[in-house]
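User: I am new to reading protein models and would like to go through this one step by step. Could we take it as a series of questions, with the reasoning spelled out each time?

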Amino acid sequence: MNEKLVTPELAAVEVDAPGGDLSRSDVILKGALAAGAIYGTAMVSPFVRKALAMSESGDVGILNFALTLEYLEAKFYEEAKSRAKAKGELKSLVNLLAGDEQQHVEALTATVKQLGGKPVAEPKFNFEYSDTAGFLKLAQTFEDTGVGAYNGAGPMIKSKEVLAAAGGIVQVEARHAAAIRLQNKEEPAPAAFDTPLSEKQVLKAVEPFIV
Amino acid sequence: MPELKQLRDPVSRRKFLAVGGGSTALAAFLAACGDDSGSTTTTSMQSSTGAGETAEFGKGDVGILNYALTLEYLETAFYADVIKSGLFKGADLETIRKFGAEEAEHVEALTAAVKQLGGKPAPEPKAEFPLKSAKSVLELAATVENLGAAAYLGQAPNIESPEVLASALAIHSVEGRHAATLNTLLGESITPDGAFAKPADVKTVLKSVEPFLVE
């Protein structure tokens, strides 16, 4: 596991979850959405309160976690401009996505600094694909994972301003995900609810691409 | 529908969308975007959305959920009417069916959530939609979905309960997916606001759906 990805705050939250291996999404949402309802507050609030109380510098940790994902996406699309063999409509889409992800990197970096934190360093990435289809498959994984990651972290964000900004980014990631899925001839919105991902689930999805 | 026309026009749309908050962190965040909307961003920063604007739908999170429920009812009714209209077939019809079914799931989940919080779910509004041609219907669908996504984004920071927030976020991104899909079908940009989606306040959203409500 890349140390840079795991902020102490987020790691502590994960470790201190009741039952040890319960992810945020398990605790907060999965069952609730399956039932088409929301848990009563009493069921989960002790965990949530604990998580929020622990994360004194939690927003910086969450933002740095997001920054790492955005670094990955930005690099992926920047490389894709020359590697993905994209033509026509897809070529324009790759350019759009590369620009958006780079703007997310810059915005998150500035926000971490604004909050008095230190932006994480950009990891080295290795993306293995040899054709347009391979690129599109990875793109779908990254965009869907990005949506789940922001949705999973959202309820842990303390600052309303940071939450508003993260919301503005996750909606754009969802739009990217839909556009890439259309390119793959897949359902752009496969389910009525986008499943939030825990930090652990996100790391598992992106680790193979971090050198 | 002057409101809807204005919403579709990217320039006047900015005027109608308000950005919540106004702290230095968000200012830095937005400043860092470095896009061409810097001046309009500054303007909209001054109009705060803020909590309590959904008070007419109920107190606190119940009010926000009922506001969302009202919008989801409208979306569900809209898609049901579109399916009945016979204007679409094939792949486009399948997409519309899928999105309609997802909006209906949102209605169910939000209704259950309001009850769970001890509130009374908002009643289903009576609505009528102009269904003239496939193109105009797709345009209306795109407007409604983009507005819906912006409405959720506008309320997210006002939600008190982390559980309600988690659910709202899970719906918000699906509305974003719907919006991008419809924009794609229309040959329009998937990200009309650029790299950062903009929120819409309650007043703007309600004013936009008003023309479809019938008493």
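Analyst: Before we start, one term is needed: helices are DSSP runs of H or I with at least four residues, and they are numbered from the N terminus. Please also keep in mind that this is a predicted model.

User: In which loop of chain A is the place of A:K185, and is this residue buried or exposed?

Analyst: A:K185 is not a glycine, although its phi is positive at about 60 degrees. Its place in chain A is the loop between α7 and α8, the latter covering residues 199–206. A residue with 12 or fewer other C-beta atoms within 10 Å is called exposed. Because A:K185 has 8 C-beta neighbours inside 10 Å, the residue in the loop between α7 and α8 counts as exposed.

User: How does A:K85 count by its C-beta neighbours?

Analyst: A:K85 also has a positive phi, near 55 degrees, in a residue other than glycine, and A:K85 lies in the loop of chain A between α4 (58–83) and α5. The class between buried and exposed applies when the number of neighbours is below 20 but above 12. Since A:K85 has 14 C-beta neighbours inside 10 Å, it counts as partly exposed.

User: What distance separates the end C-alpha atoms of helix α5 of chain A, and what span should its residues give?

Analyst: Helix α5 of chain A runs over residues 88–114, which is 27 residues. Just after this helix, A:G116 takes a positive phi of about 85 degrees. At 1.5 Å a residue the helix should span 39 Å, and this agrees with the distance between its end C-alpha atoms, which is 40 Å.

User: What secondary structure does each chain have, and how many helices are there in chain B?

Analyst: Chain A comes to eight helices and zero strands, and its pattern along the sequence is α-α-α-α-α-α-α-α. Of the 211 residues in chain A, 53% are buried, while in chain B buried residues make up 52% of 215. Chain B likewise has zero strands, and its number of helices is nine.

User: How many of the residues of α8 in chain B are buried?

Analyst: Helix α8 of chain B covers residues 162–185 and reaches 35 Å from its first C-alpha to its last, close to the 34 Å expected for its 24 residues. Just after this helix, B:G187 has a positive phi of about 75 degrees. The helix is largely enclosed by the rest of the structure, because the buried residues among its 24 number 23.

User: Why are the buried residues of helix α9 of chain B on the same side, and what arc do they cover?

Analyst: In helix α9 of chain B, which covers residues 202–209, the buried residues are B:V202, B:T204, B:V205, B:S208 and B:V209. They lie on the same side of α9(B) because the arc that they cover around the axis is only 165 degrees.

User: Which residues is B:Y67 in contact with, leaving aside its neighbours within four places in sequence?

Analyst: B:Y67 is found in helix α5 of chain B, residues 60–85, and it is buried because 25 other C-beta atoms lie within 10 Å. Although B:Y67 and B:V202 are 135 residues apart along the chain, their C-alpha atoms are separated by 8.4 Å. Leaving aside neighbours within four places, the contacts of B:Y67 are B:T54, B:F57, B:Q155 and B:V202.

User: Which helix gives the most residues to the largest nonpolar core?

Analyst: The largest nonpolar core has 108 residues, and the members that touch the most others are A:A66, A:A166, B:L65, B:A68, B:A156 and B:A168. With 14 residues, the helix that gives the most to this core is α7 of chain A, residues 160–183.

User: Which residues of chain A have a pLDDT that stays under 50?

Analyst: Chain A averages a pLDDT of 80, and 73% of its residues score at least 70, whereas the mean for chain B is 82, with 76% of its residues at 70 or more. Where pLDDT is low, the predicted coordinates should not be read in detail. In chain B that caution concerns residues 1–49, where pLDDT stays under 50, and in chain A the stretch that stays under 50 is residues 1–56.

Conventions:
Residues are numbered from 1 along each chain as its sequence is written. Chains are lettered from A and ligands numbered from 1 in the order in which they are written. This is a predicted model: local features need pLDDT of at least 70, side-chain atom pairs count only at pLDDT 80 or more; totals for chains, interfaces and linings use all residues. pLDDT is the predictor's confidence in each residue, from 0 to 100. Two residues are in contact if their C-beta atoms, placed from the backbone, lie within 7 Å. Helices (H or I, at least four residues) and strands (E, at least two) are DSSP runs, numbered from the N terminus. The expected span of a helix is 1.5 Å times one less than its number of residues. The arc is that of the directions from the helix axis to the C-beta atoms. A nonpolar core is a set of buried Ala, Val, Leu, Ile, Met, Phe, Trp, Tyr and Cys residues joined through C-beta atoms within 7 Å.
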